[in-house]
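Subject: Structure for you to look at

Hi,

Here is the structure I promised to send over. Have a look at it first, and then read on for what turned up.

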Amino acid sequence: MRKKLMSLLLSITLCLSILSTAVFADDTFYPIWINGEKFSSSHLTIKCGDGTAQYNEKTNVVTLTNANITKALGSRDFIAGIFCNRGNLNLVLVGDNSISVSGEGIYMYEGALSITGKGNLTINSTY
């Protein structure tokens with residue numbers, strides 16, 4: 001009886017250990033990539049050189065603060081330092097920000113772009 005109980009317990013432990021931890025995750029992903037990274041409910045700030053890109057999920061605003069974007073999200077169809085897959089993108093600029101990528105600086109797919117704030121944005125790209 002004891003061996004059967006131990007065997008059952010070990011079998012359950014083995015089954016639980018091989019399940020992906022993503023099954024238990026309660027993470028919401030947003031359709032915005034900056035500097036090659038995607039925003040999610042557990043990843044609302046992206047490091048961009050010495051600065052940051054921060055997403056406010058309640059207001060749908062991305063604030064660039066002295067961000068230096070040098071990495072791009074890419075596929076064979078596009079490469080962009082900032083990519084919004086759907087919906088509108090509202091950028092607020094704080095300080096001096098730059099996008100330096102081989103490809104597009106900002107790529108919008110099915111949405112509008114709004115840029116506000118007292119900061120600057122310099123884009124150096126091949127498109």
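Let me start with a question: does Asn35 count as buried or exposed, and at what relative accessibility? The answer is buried, because its relative accessibility is 5%, and the cut-off for buried is under 20%. Keep in mind throughout that this is a predicted model.

Asn35 sits in the loop between β1 and β2 (37-40). A polar atom of the Asn35 side chain lies 2.9 Å from the backbone nitrogen of Lys71. If you leave aside neighbours within four places in sequence, the contacts of Asn35 include Ile46, Lys47 and Cys48, along with Asn68, Ile69, Thr70, Lys71 and Gly81.

Now the overall picture. The protein has 127 residues, and 28% of them are buried. The secondary structure comes to 1 helix and 13 strands; going from the N terminus, the helix comes ahead of the run of strands. Of the contacts with a separation of 6 or more, 48% are between residues 24 or more positions apart. About 8,300 Å² of the protein is exposed, and 55% of that comes from carbon and sulfur atoms.

On to the inside. In soluble globular proteins, nonpolar side chains tend to be buried together. Here the largest nonpolar core has 20 residues, and the ones touching the most other members are Ile32, Ile34, Phe39, Val62, Leu64, Ile69 and Ile82. At least two residues of this core come from each of β1, β3 (45-48), β4 (51-56), β5 (61-65), β8 and β9 (89-94). Ile34 is a good one to click on: beyond its neighbours within four places in sequence, Ile34 is in contact with Phe39, Ile46, Cys48, Ala53, Val62, Leu64, Ile69, Gly81 and Ile82.

There are some aromatics to look at too. The structure holds 4 aromatic pairs. In one of them, the ring centres of Trp33 and Phe83 are 5.2 Å apart and the planes are at 45°, so this pair counts as tilted. Trp33 is in strand β1 (residues 29-34) and Phe83 is in strand β8 (residues 79-84), so the pair links parts of the chain that are 50 residues apart. Trp33 and Phe83 are both buried. Separately, Tyr30, Phe39 and Tyr55 form one aromatic cluster.

Next, a sheet. Three strands make an open sheet in the order β6-β10-β13, and the pairing is parallel. β6 (68-69) and β13 (120-124) are at the edges with a single partner strand each, so each has one side without a neighbour in the sheet. β6 is joined to strand β10 (residues 96-100) by 2 bridges, and Ile69 has Ile99 as its bridge partner in β10.

Last, two backbone oddities. Most residues other than glycine have a negative phi. Asn60, in the loop between β4 and β5, has a positive phi near 60°. Glu110, in the loop between β11 (104-108) and β12 (113-117), also has a positive phi, of about 60°. As for the surface, Asn60 is partly exposed at 25% relative accessibility, whereas Glu110 is exposed, with a relative accessible area of 58%.

Cheers

Definitions and conventions:
Residues numbered from 1 in each chain as written. Predicted model: local features only at pLDDT ≥ 70, side-chain atom pairs only at ≥ 80, totals over all residues. Heavy atoms only, no water. Phe/Tyr/Trp six-rings, centres within 6.5 Å; stacked < 30°, edge-to-face > 60°. Helix = DSSP H or I, 4+ residues; strand = E, 2+ residues; numbered from the N terminus. Buried < 20%, exposed > 50% of the residue type's maximum accessible area, 1.4 Å probe, protein only. Pairing = 2+ DSSP bridges. Polar contact = N/O pair within 3.5 Å; in protein donor to acceptor, adjacent residues only side chain to side chain. Contact = heavy atoms within 4.5 Å. Core = buried A, V, L, I, M, F, W, Y, C linked by side-chain atoms within 4.5 Å. Areas by Shrake-Rupley, 256 points an atom, 1.4 Å probe, with all protein chains shown as cover.
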